[in-house]
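Q: Could you walk me through one part of this protein up close? I'm new to this, so please take it step by step.

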Amino acid sequence: MRVTIDGKLRYSWAVSTGRAPFKTPVGTFRPFRLEKVHYSREWDNAPMPYSIFFTAAGHAIHASNATRQLGRPASHGCIRLAPSNAAALFMLVRAEGPGTTKVTITNGVLVGRTARSHTAEARARGRAHHARRVASDTW
C-alpha cells in the first residue's frame, strides 16, 4: 500500500489481500464508513479494528494481528494491515475526510493499494508500491 498526500509519499506498507477463491475487488472507491471497532458478522465475529469500508459488500481496509501473512494473499477479500499502520491510516482518513480520500485497487499480477487525499497524485509503480497476488512472491 502506498499512501500519498498532496503528491508526496507518506507511507508504504505491506498488505494482505484476498486469497483464492476470495478476491479483493478492483477499481477506484471512496470510503463511506469508518469504524474504529468492528466485528465481522459474516466471518464468525472476526475482529476488524480500524475498518475503512469501501464497498457495499463489506470490503474494508483494516488491522489484522496476522502480521506474518502481510505481503501475500490471506484474507476473504479485505485489505489487511499491521495494527499500527491501520490505526495511522484510519486517523488520516478521518482527518482528511472519507469524501476526499480515494482507494485505488488494480488488477493483474501486481495489485496496488493507494489511499490518498483528493489533491494527491498517486501512482503505484514497481515492487515497493504493490502487494503481490502471486502466493510465491513475498516481500
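A: Here is a tour of one sheet, the loop beside it and a pocket. Keep in mind that the model is predicted.

Let's start with the sheet. Four strands, ordered β4-β7-β8-β9, make an open sheet with mixed pairing. In general, strands in a sheet are held together by backbone hydrogen bonds, and they can run parallel or antiparallel. At the edges here you'll find β4, residues 33–35, and β9, residues 79–81, and each of these has a pairing partner on one side only. On average, neighbouring strands of the sheet are turned by 15° against each other, if you ignore direction.

Now zoom in on β8, which covers residues 60–63. Its pairing with β9 is parallel and runs over 3 bridges. Look for Ile61: the residue standing opposite is Ile79 in β9.

Next comes the loop between β8 and β9, where Ser64 sits. Is Ser64 buried or exposed? Its relative accessibility is 12%, and the cut-off for buried is under 20%, so Ser64 counts as buried. Its side chain reaches the backbone nitrogen of Ala66 at 3.0 Å. If you skip the neighbours within four places in sequence, Ser64 is in contact with Arg80, Leu81, Ala82 and Pro83.

Stay in that loop and find Cys78, which also lies between β8 and β9. Cys78 has a relative accessible area of 12%, so this residue is buried too. Which residues does Cys78 touch, leaving out those up to four places away in sequence? Among them are Ser16, Thr17, Gly18, Thr24 and Met48, and the list also includes Ala60 and His62. Here's a nice one to trace on screen: Cys78 and Ile52 are 26 residues apart in sequence, while their C-alpha atoms are 9.9 Å apart in space.

Cys78 also takes us to the pocket. To picture how empty space is found, imagine rolling a probe the size of a water molecule over the atoms. The largest pocket has a volume of about 560 Å³. Its lining is made up of 26 residues, and those nearest the centre are Ser40, Trp43, Met48, His62 and Cys78. Two elements, β6 (46–47) and β8, each give two or more residues to that lining.

So what ties the tour together? Strand β8 pairs with β9 and also helps to line the largest pocket, while Cys78, from the loop between those strands, is one of the residues nearest the pocket's centre.

Terms used. Residues are numbered from 1 along each chain as its sequence is written. This is a predicted model: local features need pLDDT of at least 70, side-chain atom pairs count only at pLDDT 80 or more; totals for chains, interfaces and linings use all residues. Side-chain values use heavy atoms; hydrogens and water are left out. Two strands pair if DSSP finds at least two bridges between them. Axes are lines fitted to C-alpha atoms, for helices over the stretch in contact, and angles run from 0 to 180 degrees between N-to-C directions. Buried means under 20% relative accessible area, exposed over 50%, partly exposed in between (1.4 Å probe, protein chains only). A polar contact is a pair of N or O atoms within 3.5 Å; within protein, one must be able to donate a hydrogen and the other to accept it, and residues adjacent in sequence count only if both atoms are side-chain atoms. Contact means heavy atoms within 4.5 Å. On a 1 Å grid over the protein atoms alone, a cavity is a set of points where a 1.4 Å probe fits but cannot get out, and a pocket is an open set with protein on both sides within 12 Å along at least five of seven lines; lining residues have an atom within 4 Å of a point. Grid points are joined across faces, edges and corners, and a volume is the space filled by probe spheres set on the points.
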